[in-house]
Amino acid sequence: MQKLVGAALLSMTVLAGTAAVAQEISGEITVWDWQYNSEKWGAALKQLDAEFIAEHPGVTIKHVAQPHDTYYQLIQTANSSQSGPDVAMMHAGTFGVLNYTDVLAPLNARITPEFKASLKGWESVGGNFDANGQIYAVPGSLSGWVFYYNKQLFRDAGLDPNTPPKTYADLVAAADALKAKGIVAFGGGNSDGWGNLQYLNILFPGDFDAAQSAALATGALKYDGPEFTALNQHLVDLLKGGYFDPGYASTVHWTEGVAAFQAGQAAMIAGIASDTVSYNEFLPELGDDLGVFYAPADTVAAPYIPVSSGPVWTIPGYSKNQDAAWAYVEFITGPRGAAVQYEQAGILPINSGYTIPDTAPAFVRNMVADMQKSETFLYASSLMRQDIAFEWIRKIQDVVNGVAPLGQALGELQALQDKPQ
């Protein structure tokens, strides 16, 4: 009886504490992201807002859908005026959060060991890409680069649909077999340069392990060095080898390229684990013919999977309601946030506290299991300095078009890297 009474008192104390916390968090928070008006992910975010307010009735949320193409211009304006969102979605790595560490609230004091252990991808939000360093955001989902492939087109080319390429040599052999049958081996588009960058992301771990990838971020790995040059030569060989659709250079990757792969007009595509250019778009059309494989090995025998956090959640340092902002970030990146975002929008969970249901397609369950259990690391383009990534896009296209030799292009890229900021 004494134990029962003690347990009851403990339970009452916990409930009272929870209620007190809910009452203490109050006021309005403004949330910015570029997904709030999207059909599926936006619906998930709206549901999570409602559930959060139900838990914290003293809080109101002003959720603002911002356009993706001008998002960081709006962020910079807000930073200049020191007013804007209390919570802001950003991209991982140098394409987002790590470009704005001077205006974001460090979160280390709020992150418990248990919370940190439940999430992967901390290197994508840590200063100097250090998962144990100063943390500026919370990972929101599993994202990054994988190869999707069409099993029926593999069958049509005489390839085993259940044995996708494991090495770069396998990848070229498969592309040759597909090309011989008149099948476009690689899909996507490069009208804005993103297609080439995404193929770089998925090929990169075949030649660089996680430590070498971190060296890319610090500048210790040279862009004109023999290793990076060899990787880029692989990519150039694929781009010039007749494996892509003749209209690849003028195709928009995110729309036309996705639609072409979805319609069975290409056998493989460098895609994202979840979000856009992902299984979410391909599965309805391709069904059981949709497969996935990871970075093919080249000089590295067992490549890491180039995935980390998808969009991350930050708190600007000028937020006037950081306690409520943190409660929101903790909720949306926690198990319940992961559940709603997967079940409503197919966003792959980065929080191990949520397991996707057995009713999910087997390859999706396997993909999540692989990414939770295998070595993963942030993909190359988000390790590169942002200006370097954009310059690489321009220079690699010059190489493909015959305007400049690869060595010259990468030498100029290294010169930009070495130039004082």
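Me: How do the residues lining the largest cavity divide into nonpolar, polar and charged?
Reply: This is a predicted model, and in it the lining of the largest cavity splits into nine nonpolar, six polar and no charged residues.

Me: OK, and how much space lies in there?
Reply: The largest cavity holds about 70 Å³ of space.

Me: Which residues lie nearest its centre?
Reply: Of the 15 lining residues, those are Gly-140, Ala-338, Gln-341, Pro-349 and Ile-350. Helix α13, residues 335-345, gives the most to that lining, with four residues.

Me: How many cavities of 30 Å³ or more does the structure hold?
Reply: Three. The second largest has a volume of about 40 Å³.

Me: What lines the second largest one?
Reply: Tyr-168, Leu-203, Asp-207, Leu-231, His-234, Pro-296 and Asp-298. By class, that lining has four nonpolar residues, one polar and two charged.

Me: Switching to pockets. What's the volume of the largest pocket?
Reply: About 980 Å³. The largest pocket is lined by 33 residues, with His-68, His-91, Phe-95, Trp-194 and Trp-254 closest to its centre.

Me: Which helices and strands each supply at least two residues of that lining?
Reply: Those would be α3 (71-81), β5 (142-150), α7 (194-203) and α15 (386-400). The class split for the largest pocket is 14 nonpolar, 17 polar and two charged residues.

Me: And the second largest pocket, how much space lies in that?
Reply: About 430 Å³. Its lining has 19 residues, and Lys-40, Asn-280, Glu-281, Ala-345 and Gly-346 lie nearest the centre. Two or more lining residues come from each of α2 (40-55), α11 (279-286) and α13.

Me: Which element gives the most there?
Reply: That's α11, with five residues in the lining of the second largest pocket. Sorted by class, this lining has eight nonpolar, six polar and five charged residues.

Me: Now the core. Which residues in the largest nonpolar core touch the most other members?
Reply: Tyr-148, Phe-186, Tyr-199, Met-268 and Trp-392, out of 143 residues in that core. Helix α12 (residues 322-332) provides the largest share of the core, eight residues.

Me: What does Met-268 touch?
Reply: Leaving out residues up to four places away in sequence, Met-268 touches a set that includes Phe-147, Tyr-148, Tyr-149, Phe-154, Phe-186 and Tyr-199. Leu-171, Leu-178, Ala-185, Gly-187, Phe-261 and Phe-293 are also among the residues Met-268 touches.

Me: Where is Ser-319 found?
Reply: Ser-319 is in the loop between β9 (312-314) and α12.

Me: Why does Ser-319 count as buried or exposed?
Reply: Ser-319 counts as buried because its relative accessible area is 8%, and the cut-off for buried is under 20%. Apart from neighbours within four places in sequence, Ser-319 is in contact with Asp-86 and Ala-325.

Me: Last topic, α8. What caps its N-terminal end?
Reply: Asp-209 does, with a side-chain oxygen 3.2 Å from the backbone nitrogen of Ala-211.

Me: Which residues of α8 are buried?
Reply: Helix α8 covers residues 210-218, and its buried residues are Ala-210, Ser-213, Ala-215 and Leu-216.

Me: What about Gly-219, just after α8: what phi does it take?
Reply: Gly-219 has a positive phi of about 90°.

Notes: Residues numbered from 1 in each chain as written. Predicted model: local features only at pLDDT ≥ 70, side-chain atom pairs only at ≥ 80, totals over all residues. Heavy atoms only, no water. Buried < 20%, exposed > 50% of the residue type's maximum accessible area, 1.4 Å probe, protein only. Polar contact = N/O pair within 3.5 Å; in protein donor to acceptor, adjacent residues only side chain to side chain. 1 Å grid on protein atoms, 1.4 Å probe; cavity = no way out; pocket = protein on both sides within 12 Å on 5 of 7 lines; lining within 4 Å. Points joined across faces, edges and corners; volume = space filled by probe spheres on them. Nonpolar A, V, L, I, M, F, W, Y, C, P; charged D, E, K, R; others polar. Core = buried A, V, L, I, M, F, W, Y, C linked by side-chain atoms within 4.5 Å. Contact = heavy atoms within 4.5 Å.
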